[in-house]
Amino acid sequence: MPDIRRHAALLAVMTLAWSGVAAAVETKGALYGDLRLSFDATDDASATPGPTYSVTDNNSAWGVKASTVKGGVTVFGGYERFISEDDPAVPGFPVELTRQAYLGITSFCGTIKLGRHSTAYADAGRKLDLFYNTAASGSGGLADAGSIFGGGNSHGSSTAFNADTLGSAYVANHLSYQSPAYWGVTGNAAFFAHETNDSDQDHDYGVGVEYAGNGVTAGVQYLDANGANGPTWGIDVTATRLYAGFARERFGVGASYEMLGLSAGADDASFLMLSGWYGLRDDTRVAASFGLEDASVSDGSSVRIGLFHDVLDSFTVWAAARHFGGTLLPDADVITFGASYKFSLGFSS
């Protein structure tokens, strides 16, 4: 089995060695953060009488990143951590407060990245998710309002492969490669090492291709998750995402369709998310999304609509509403008023 820790140590040594060689080169970095808080009213038609009210931290995070360049080669690294977590660790579902921790190298050959970081599969859906990390995420109730069960993904995208804090959107023991762009087309591949020494040890991998240019983004991403660092269903999962988007200065639309193939005789699941936004002004936009899931835990459909306003370049406030109607989960309505503040304190040496 490839020892991911040995490769990580080797990459770290290479990074330190390069830093020594490039001592005369300016090194840049930043301490940054994204603070996200909302006040939410929820009525999920469950056994708990509603409506209920809460103040939710929508996966606020902080981090530090740095890079140095010499001769067309960039060495970079980053560390990112959740500021707080609303939910306690559930048995079998520990909350991982470290969101990302990685090192990487970029050259004319492309980018190699090693450590814990987001998958290309999740990144492809996040670009089109207008309600990413708001209390309008998930499928229903306060359990989805920025929590480990729904935070970071909208209904219509698979929680296991898109949510920030539970599942396979951010994966440890993750070695990824992204090619340079040729005529707007990039390719990517990833390997996820399974480090447990059980008898059915297996490794995961992902591949994809994307086109970006002239306002168009389109691609396909594939994951094979055999349990190395993936969903804790105890069964093998394959995930395929087809996605496309089109944006101009004042409007944008997007679509994502996922197909999850489950082993052990389970029904395959499908996820559809349609999204769009329109700029009323340079600093104000209205957004909407439609989600449809079949053969999933949150089987059903949902509609979201929201108004986002940039008070400052780094300070955004929003008001949003969501209705979910499902067959397995109770119907749920959420109204949320939130704000996010992003900061970046740069440094160089």
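This is a short tutorial dialogue on reading features of a predicted model.

Student: What should I know before I start?

Tutor: In this predicted model, residues are numbered from 1 along each chain as its sequence is written, and side-chain values use heavy atoms, with hydrogens and water left out. Local features need pLDDT of at least 70 and side-chain atom pairs count only at pLDDT 80 or more, while totals for chains, interfaces and linings use all residues.

Student: Let us begin with one residue. Where is Arg-116 found?

Tutor: Arg-116 belongs to strand β6, residues 110-118. Helices (H or I, at least four residues) and strands (E, at least two) are DSSP runs, numbered from the N terminus.

Student: Is Arg-116 buried or exposed?

Tutor: Buried means under 20% relative accessible area, exposed over 50%, and partly exposed in between, with a 1.4 Å probe and protein chains only. Arg-116 has 17% relative accessibility, so it counts as buried.

Student: Which backbone oxygen does the side chain of Arg-116 reach at 2.8 Å?

Tutor: A polar contact is a pair of N or O atoms within 3.5 Å; within protein, one must be able to donate a hydrogen and the other to accept it, and residues adjacent in sequence count only if both atoms are side-chain atoms. The side chain of Arg-116 reaches the backbone oxygen of Thr-98 at that distance, 2.8 Å. A polar atom of the Arg-116 side chain also lies 3.2 Å from the backbone oxygen of Arg-99.

Student: Now the rings, please. How many aromatic pairs does the structure hold?

Tutor: A pair of aromatic rings is described by the distance of the centres and the angle of the planes. Rings of Phe, Tyr and Trp (its six-membered ring) pair if their centres lie within 6.5 Å; planes under 30 degrees apart count as stacked, over 60 as edge-to-face and the rest as tilted. The structure holds nine such pairs. In the pair of Phe-246 and Phe-251, the centres are 6.1 Å apart and the planes stand at 50°, so this pair is tilted. Phe-246 is partly exposed, at 28% relative accessibility, and Phe-251 is partly exposed too, with a relative accessible area of 34%. Elsewhere, one aromatic cluster is formed by Phe-131, Phe-308 and Trp-318.

Student: Which residue lies over the face of Tyr-102?

Tutor: A charge sits over a ring if NZ of Lys or CZ of Arg is within 6 Å of the ring centre and within 35 degrees of the ring normal. Lys-113 lies over the face of Tyr-102, at 4.2 Å from the ring centre. Likewise, Lys-65 lies over the face of Tyr-32, at 5.3 Å from the ring centre.

Student: Let us turn to empty space. How much space lies in the second largest pocket?

Tutor: Rolling a probe the size of a water molecule over the atoms shows where empty space is left. On a 1 Å grid over the protein atoms alone, a cavity is a set of points where a 1.4 Å probe fits but cannot get out, and a pocket is an open set with protein on both sides within 12 Å along at least five of seven lines; lining residues have an atom within 4 Å of a point. Grid points are joined across faces, edges and corners, and a volume is the space filled by probe spheres set on the points. The second largest pocket has about 900 Å³ of space. Its lining has 38 residues, and Arg-126, Asp-129, Leu-130, Tyr-132 and Lys-342 lie nearest its centre. Strand β1 gives the largest share of that lining, four residues.

Student: And how many cavities of 30 Å³ or more are there?

Tutor: The structure holds two. The second largest cavity has about 60 Å³ of space and is lined by 10 residues, with Gly-125, Arg-126, Asp-129, Ser-157 and Asn-162 nearest its centre. Helix α2, residues 120-126, gives the largest share of this lining, three residues.

Student: Last, the backbone. What is the phi of Asn-133?

Tutor: Most residues other than glycine have a negative phi. Asn-133 is not a glycine, yet it has a positive phi of about 55°. Asn-133 lies in the loop between α2 and α3 (159-162) and is buried, at 3% relative accessibility. Trp-183 also has a positive phi, near 55°. Trp-183 sits in the loop between β7 (170-178) and β8 (185-192) and is exposed, with a relative accessible area of 81%.
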